[in-house]
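Visitor: I would like a quick tour of this model. Can we take it one question at a time?

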Amino acid sequence: MNTRVLTGITTTGTPHLGNYAGAIRPAILASTQPGVDAFFFLADYHALIKCDDPARVARSRLELAATWLAAGLDPERVTFYRQSDVPEIPELCWLLTCVTPKGLMNRAHAYKASVDQNAAKGVEPDDGVTMGLFSYPILMAADIVMFNAHKVPVGRDQVQHLEMARDIAQRFNHLYGSDFFVLPEVVIEEEVATLPGLDGRKMSKSYNNTVPLFEGGAAALRAAVMRIVTDSRQPGEPKDAEGSHLYTLYRAFATPEESAAFRAQLEGGMGWGEAKTALYERLEGILAPMRERYDALMAHPERIEEILRHGAARARAMAGPALQVLREAVGLRNLGAQAADKKGARAKAAKGARFVSFRDADGSFRFRLLAADGQELLTSQAYADPKQAGAAMKRLPAEAQLRATGDASYAVQLDGADVAASPEGTAAGTIDRTRDALAELAQ
Ligand code: TRP
């Protein structure tokens, strides 16, 4: 089974070199590994929580999409979409909101930080706190469990949100009595050290110490590299490579051998000016081809739009049927079908045996046949399409061929193919109960 890896990128800024090395590059590399089914999306609904500047949100969506594509994201391989193009996500967010304890959200770090700041300022605890900020983790949980992601690579600051997503998913599963959602696991890239900025602190827009990725072209890249802060050692004097963030930056874009050679040169007295030129040339060598793709994409936003819509269509093909199952589960059901169900249910209730459908950990759809006392009689095969599962379930009572497959085990066939089998460890004689249950339901 493939591992589904999913991550979201909030569309509030312009990506810099630190974002590239810390998030974009490792995510794209992960998406090319065999057995990985990658879902990357632009978290533009999340952007609205942090930013009320429409022009900035619009610009950032475009730049981020172009950056990821230019950096090598293959939209045929990766499901790449905008959160706001998948209406199933906010709908699921509401279903989850209705099972999320407010107390859980009270404990969110981002919300607590706002409350603490307000206390320090001597204003109302919730001053300036929107419901968007407060419910942020629920929308994030919806992003993740909508697609039953197994692994979610994020920065350290997001770990609590992942714990909350698991909590919320588990609560929903428990309340509605089935394993609807996979519980996602957080992945922290320990290897990828945070890239230092020009002044040696973490590269971040809030410190104004970033190296631009594509903006401003080669000239802006060179200018930023030349502004990297170094010590005052002169050319000819040995430099402390390990202690210099210029070397840390170089290492993030070089093989271990190249880094060792660079380090030896610094320790041998290479001047900082020369070292900066070497770093610039290395970065430019890597970024120039990407920048060319980036510029070409930015010149044709309609092509990016097309790619993202295609991604959204793929995402919705999965989200739609999954949401249908969830709507059913919570009671948002087709009224016409319900009347028929009710009659059926009454008839069945008298006899007792029943089918229950559920969603498996891998996202596939299955059903079980239960006896009146709840004993599990059959488990179906996995279906990718819930409609197929439903159709098989309907036909089973009248058409199934039941046959023993071992001392106690048995299976049922439709059209000559196995569609369901006895659960593991079934007691001898259960095949007779199963035959009776199917006969009951066939009436
Ligand atoms: N909150 C994440 C961040 O700020 C972005 C995000 C939104 C996300 N939804 C997600 C990340 C789902 C992973 C999975 O970095």
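Guide: What follows is a set of short questions and answers on this predicted model.

Visitor: In what order do the strands of the open sheet of six strands stand?

Guide: The pairing in this sheet is antiparallel. Neighbouring strands are turned by 30° against each other on average, direction ignored. Read across the open sheet, the order is β6-β7-β8-β11-β10-β9.

Visitor: Which strands stand at the edges of that sheet?

Guide: An edge strand here has a single partner strand, so one side of it is left without a neighbour in the sheet. That describes β6 (354–359) and β9.

Visitor: How many residues of strand β10 are buried?

Guide: Strand β10 covers residues 410–414. Take one side: Tyr410, Val412 and Leu414 are buried. On the other side, Ala411 and Gln413 are buried too. The count of buried residues in β10 is five of five.

Visitor: How many bridges join β9 to β10?

Guide: Strand β9 spans residues 401–404 and runs antiparallel to β10. A hairpin through five residues joins the two. Its pairs include Ala404 with Tyr410, and Leu402 stands opposite Val412. The number of bridges is four.

Visitor: Which residue of β11 stands opposite Val412?

Guide: Strand β11 holds residues 417–421. It pairs with β10 in the antiparallel sense, over four bridges. Opposite Val412 in β11 stands Ala420.

Visitor: Which residue takes a positive phi in the hairpin of β10 and β11?

Guide: This hairpin has two residues between the strands. The phi in question is near 50°. The residue is Asp415.

Visitor: Which residues outside its own sequence neighbourhood is Thr434 in contact with?

Guide: Thr434 sits in helix α16, residues 430–442. Its relative accessibility is 0%, so Thr434 counts as buried. Neighbours within four places in sequence are left aside. The contacts are then Leu369, Leu377, Leu378, Leu402 and Tyr410.

Visitor: How are helices α7 and α8 oriented to each other?

Guide: Helix α7 covers residues 131–145, and helix α8 covers residues 159–175. Their axes come within 9 Å and cross at roughly 70°. Angles of 65 to 115 degrees fall in one class. The two helices are therefore roughly perpendicular.

Visitor: How many nonpolar residues are in the contact of α7 with α8?

Guide: From α7 come Tyr136, Pro137, Ile138, Met140, Ala141, Ile144 and Val145. From α8 come His161, Leu162, Met164, Ala165, Ile168 and Ala169. By class, one residue is polar and no residue is charged. The nonpolar number is twelve.

Visitor: Is Ala288 buried or partly exposed?

Guide: Ala288 lies in helix α12, residues 272–298. Buried means under 20% relative accessible area. The value for Ala288 is 23%, so Ala288 counts as partly exposed.

Visitor: What separation do the C-alpha atoms of Ala288 and Ala218 have?

Guide: Along the chain, the two residues are 70 residues apart. In space, their C-alpha atoms are separated by 7.6 Å.

Visitor: Where does UniProt place the "short sequence motif: 'HIGH' region"?

Guide: The record is an unreviewed entry. In the model, the stretch it names is 33% helix and 0% strand. The end C-alpha atoms of that stretch are 13 Å apart. UniProt places the feature at residues 11–19.

Technical notes. Residues are numbered from 1 along each chain as its sequence is written. This is a predicted model: local features need pLDDT of at least 70, side-chain atom pairs count only at pLDDT 80 or more; totals for chains, interfaces and linings use all residues. Side-chain values use heavy atoms; hydrogens and water are left out. UniProt positions are given in the numbering used here, feature names are shortened, and annotations may be inferred rather than shown by experiment. Buried means under 20% relative accessible area, exposed over 50%, partly exposed in between (1.4 Å probe, protein chains only). Two strands pair if DSSP finds at least two bridges between them. Axes are lines fitted to C-alpha atoms, for helices over the stretch in contact, and angles run from 0 to 180 degrees between N-to-C directions. Angles under 35 degrees count as roughly parallel, over 145 as roughly antiparallel, 65 to 115 as roughly perpendicular and the rest as oblique. Contact means heavy atoms within 4.5 Å. Ala, Val, Leu, Ile, Met, Phe, Trp, Tyr, Cys and Pro count as nonpolar, Asp, Glu, Lys and Arg as charged, and the others, Gly among them, as polar.
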